[in-house]
There are 4 protein chains.
Amino acid sequence: MTKILVLYHSNSGNTERMADLIAAGAKELEGAEVRHRNVACADASDLDWCEGIALGSPTNYGCVSWQMKQWWDQQPIENWGQMDGKIGCVFSSAGAWGGGQEWTCMALMSILINYGFLVFGLTDYSGVKFSAHYGAISAGAPDEERVQQACRRLGLRLSEWTATMIHGRKEAHPLKQAYERFEDLGK
Amino acid sequence: MTKILVLYHSNSGNTERMADLIAAGAKELEGAEVRHRNVACADASDLDWCEGIALGSPTNYGCVSWQMKQWWDQQPIENWGQMDGKIGCVFSSAGAWGGGQEWTCMALMSILINYGFLVFGLTDYSGVKFSAHYGAISAGAPDEERVQQACRRLGLRLSEWTATMIHGRKEAHPLKQAYERFEDLGK
Amino acid sequence: MTKILVLYHSNSGNTERMADLIAAGAKELEGAEVRHRNVACADASDLDWCEGIALGSPTNYGCVSWQMKQWWDQQPIENWGQMDGKIGCVFSSAGAWGGGQEWTCMALMSILINYGFLVFGLTDYSGVKFSAHYGAISAGAPDEERVQQACRRLGLRLSEWTATMIHGRKEAHPLKQAYERFEDLGK
Amino acid sequence: MTKILVLYHSNSGNTERMADLIAAGAKELEGAEVRHRNVACADASDLDWCEGIALGSPTNYGCVSWQMKQWWDQQPIENWGQMDGKIGCVFSSAGAWGGGQEWTCMALMSILINYGFLVFGLTDYSGVKFSAHYGAISAGAPDEERVQQACRRLGLRLSEWTATMIHGRKEAHPLKQAYERFEDLGK
């Protein structure tokens, strides 16, 4: 099984809805097992268990929420440096486009990189003028189809990379899939 | 006079259109004198002249374009550290929302901060679910009204801060203006 | 009076020692009044009171500590957007050089920019091969003289910019001071 | 063979010396084939060839040098999105500690992430109070042993991750190696 953890904090429910979509996308790959956890209900065993993670937080002041940061800051220090080589990606919802989602994605990536994850974004375009190059982002609720598709695609890609990189499943490589990656839409 | 430089590079013309809007916004403040320069036509004397700058680049790989970076890298080194205390802000256009505009804004800010500028973003919302918290951003051309308004507002704010901070014009302070800052729209 | 707030969180005491040095530097400017606050003892009235801020946090996972983030996330939302135009800078201590201090500085700046602050770094070099271009940084305790000098200089600069920009005290401008800015040391 | 590209630009020779050390580290893994290229001598075929990359630039204004950025901006656009799933890491030299190396590392990562690479940093400590959590950094020339060791380790790790992730060589996984990862030094 390819073990995927979707770990999020949400204030308004918007980031949680993104997490739902990402988890659904992650399950699209055969053999993916997905744990879908609010930080309030996750612990070190979930982090230990996973092979790939999608980490999401609301954008508050262009940065990760304190609740999500607290979760990481309180992880047992002896685990740090013992889990190198997992795969990671990020997502965030803000109140507005231009509201700092991509700065929050950077803060979330900084946590994952520090913990030893290999992180990625999507080259795909998931709709007209829409991408998740540095993680999936939303302004308010993920109601638009292109936003939802970015979330699902990010989740699927996480499963694909984790299966390819950790389990050596070469057939799971994104560049071998039949689906449209919509690249022309952004050009 | 409050001396404002709008300095940009543009590949497709989209960032140039943002620059036009920002320059127009900057001129809305009485007493503002605006130089509007493509990096191909600007030199060190423009940088020396200005008291406030709006710096814009296309988003290429989530970072400033090489043409804009070249302009800074080739500035006379003896000028560095001699111009501290000017005011700055940034803007960028990418092919898609989520395309790395905010990462590019960060790269542009890193240049300005290094050069001694004090940098700012907008707290304002410039339309439904739209802001320029870390600089003005666009996906493709700035055709939407809320994107245009973010550009104009960023330019105006640059003039306001420069007038307030450099010239001591207390009446130019943004919090004393009569216009709507649309803050409720993002909430 | 030029009102300066040094606001910090510290786990090991290292960031607190940086805060002490920054506060001492801030007091070097005549007319500066400095509040030196651990986030555990600061509230919204301190933020409202100040005209300039130095914001510091340990580097945990290359990002602001949850305690510092919590302080901001719990500020009364109605204050946001009502305090635009204050001056800000940042500082951080990590366990090692290369440990993510500058990423944490970026996260701290993202908070300040979002809140309406104008942020700056130092062009100064504060010792051989040492600067605080994006905020003051330390690896472990600030025991080295060049690290201490960077902290004091950052504090002094904060007072200088705040006095210059907010109070129109042109004689406080850094480029008019007699002290050495050590610029040649970094070249 | 595990195909590693060390791609760099250097002004003073300092980043080039880091590249030398990283290349030497990359070769420590059995089966690694390393191309060591200045951007002036590299082209799209090198990028196509590699499975892992270490990307390095001087820190100029806290950002990638224009020469390195130009190299990427001028890559054939039709190649973009066709090379997803390679492994990447970054390095930079500045004139001073605190000079923006880690901001430059972020800019370099933004390029790699955008191009479809999975990026990583080191959890290792490579000497007393020294790490390369977000890439290898130096102030001036990499003369100190701890800086050199960070470079070599980053190169080795790149080979290890590339061999593990791309070639499924489970014995190459960093956590299975006998060497000391020095983790206690940073605590």
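Copies here are superposed by least squares on the C-alpha atoms of residues with pLDDT of at least 70 in both. This is a predicted model, where local features need pLDDT of at least 70, side-chain atom pairs count only at pLDDT 80 or more, and totals for chains, interfaces and linings use all residues. Residues are numbered from 1 along each chain as its sequence is written, with chains lettered from A and ligands numbered from 1 in the order in which they are written.

Let's start with chains C and D. A turn of 180° and a shift of 0.0 Å along the axis lays chain C on chain D with an RMSD of 0.0 Å. That is the relation of a two-fold axis. Within chain C, C:Glu102 comes closest to the rotation axis, its C-alpha at 2.8 Å.

On to the contact of chains A and B: 23 residues come from chain A and 23 residues from chain B (in contact means C-beta atoms, placed from the backbone, within 7 Å). On the chain A side, α4(A) gives the largest share, three residues. These elements each supply at least two residues of that side:

| Element of chain A | Residues |
|---|---|
| α4 | 101-115 |
| β7 | 130-131 |
| β8 | 136-139 |

Helices (H or I, at least four residues) and strands (E, at least two) are DSSP runs, numbered from the N terminus.

Inside chain A, the axes of α1 (residues 14-27) and α5 (residues 145-167) come within 6 Å and cross at roughly 45°; axes are lines fitted to C-alpha atoms, for helices over the stretch in contact, with angles from 0 to 180 degrees between N-to-C directions. That makes α1(A) oblique to α5(A) (angles under 35 degrees count as roughly parallel, over 145 as roughly antiparallel, 65 to 115 as roughly perpendicular and the rest as oblique).

Definitions and conventions
Contact = placed C-beta atoms within 7 Å.
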